[in-house]
Amino acid sequence: MSRSHKPALDTGITESRAENSQIEAALLRHEAVSQVSITATAMPSGSREFSALVVMRPPRSVSSEELLAWLSDRIPAHLVPSSLTVCDLLMRRLDGVGTEAPVAPDRSAVLCELFAEVLNLPTVGVDDDLFDLGGHSLLLVRLIGRIRTRLGIEVGFRDLFQASTVNSLLRRIEARAAEMA
């Protein structure tokens with residue numbers, strides 16, 4: 001007796017697209033959001049981690065943190081993106097495929113702004129040392145979270161202890177990205 005065997009459908013891809021669409025639709029319901037691009041990354045555990053790229057309508061009055069908090073009240077917790085980056089522009093690929101690429105924010109300017117925010121200073125320069133300006137381990141926790149949210153970059157305590165200026169941290173991030181490429 002022969003059995004016909006049908007290959008199993010890859011429901012993961014379909015499910016991921018549906019989840020991406022659900023997150024995107026929720027974000028687009030916010031009055032300050034004009035464009036969204038969602039990326040899903042498969043984790044070793046089998047779950048997915050989502051990242052969002054968002055273009056805001058002028059005037060940009062909502063922070064990434066506020067937008068994530070707003071979103072967490074509207075979609076299931078497992079769909080809330082682990083990072084949300086505000087971009088000035090999202091560009092469509094020329095072949096018309098829906099993939100979008102962000103226009104990268106000036107990382108050094110954003111990092112200077114984030115250093116200044118957590119240190120409660122008006123400005124921080126690219127060569128100013130985080131610890132010389134009063135940084136400590138509790139502020140590092142805030143800074144790590146803000147870097148993840150604003151730039152979608154994972155940095156750890158070791159990174160900040162070994163590269164405590166914006167310039168040295170950028171060199172470290174770029175070296176890590178080059179190693180992974």
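Which residue forms a salt bridge with arginine 150, and how far apart are the closest N and O atoms? Keep that pair in mind while the whole chain is brought into view.

**Before selecting anything**

The model on screen is predicted, and for that reason local features are described where pLDDT is at least 70, side-chain atom pairs count only at pLDDT 80 or more, and totals for chains, interfaces and linings use all residues. Residues are numbered from 1 along each chain as its sequence is written, and side-chain values use heavy atoms, with hydrogens and water left out.

**The whole chain**

Colour the protein chain by secondary structure, and six helices and five strands appear; these are DSSP runs numbered from the N terminus, helices being H or I of at least four residues and strands E of at least two. Followed along the sequence, the order is α-β-β-α-β-β-β-α-α-α-α. Of the 181 residues, 36% count as buried, where buried means under 20% relative accessible area, exposed means over 50%, and partly exposed lies in between (1.4 Å probe, protein chains only).

**Strand 3 and its neighbour**

Select residues 83-87, which form strand 3, and note that five of its five residues are buried. Ser83, Thr85 and Cys87 point one way from the strand, while Leu84 and Val86 point the other way. Now add residues 48-56, which are strand 2: the two strands run parallel and are joined by five bridges, and strands are taken to pair if DSSP finds at least two bridges between them. For one place to zoom in, pick valine 54, whose bridge partner in strand 3 is valine 86.

**Helix 4 and the end of it**

Next select residues 137-151, the 15 residues of helix 4, which reach 21 Å from the first C-alpha to the last, close to the 21 Å expected at 1.5 Å a residue; the expected span is 1.5 Å times one less than the number of residues. Show the side chains of Leu139, Leu140, Leu143, Ile144, Ile147, Thr149 and Leu151, which are the buried residues of this helix. Glycine 152 follows helix 4, and its phi is positive, near 70°.

**The salt bridges**

Seven salt bridges are found in the structure, each being a side-chain nitrogen of Lys or Arg within 4 Å of a carboxyl oxygen of Asp or Glu. The opening question concerns one of them: arginine 150 pairs with glutamate 117, and the closest N and O atoms are 3.9 Å apart. This pair links distant parts of the chain, since arginine 150 is in helix 4 and glutamate 117 in helix 3, 33 residues apart. Arginine 150 is partly exposed at 22% relative accessible area, and glutamate 117 is likewise partly exposed at 37%.

Move on to glutamate 154 and arginine 148, which form a salt bridge with the closest N and O atoms 2.9 Å apart. Glutamate 154 is partly exposed at 45% relative accessibility, as is arginine 148 at 28%.

Then select arginine 176 and aspartate 159, where the closest N and O atoms of the salt bridge are 2.5 Å apart. Arginine 176 lies in helix 6 (residues 166-180) and aspartate 159 in helix 5, so the pair ties together parts that are 17 residues apart in sequence. Aspartate 159 counts as buried at 8% relative accessibility, whereas arginine 176 is partly exposed at 28%. Finally, show Glu113, Glu117, Arg146 and Arg150 together, which salt bridges with shared partners join into one network.

**The aromatic pair**

There is one aromatic pair in the structure. It is formed by phenylalanine 131 and phenylalanine 161, which are stacked at 5.2 Å centre to centre with 5° between the planes; rings of Phe, Tyr and Trp (its six-membered ring) pair if their centres lie within 6.5 Å, and planes under 30 degrees apart count as stacked, over 60 as edge-to-face and the rest as tilted. Phenylalanine 131 sits in the loop between helix 3 (107-119) and helix 4, and phenylalanine 161 in helix 5, so the pair ties together parts that are 30 residues apart in sequence. Phenylalanine 131 is partly exposed, at 27% relative accessibility.

**Last stop: a loop residue**

Select asparagine 120, in the loop between helix 3 and helix 4. Its phi is near 55°, a positive value in a residue other than glycine, and asparagine 120 counts as exposed at 70% relative accessibility.
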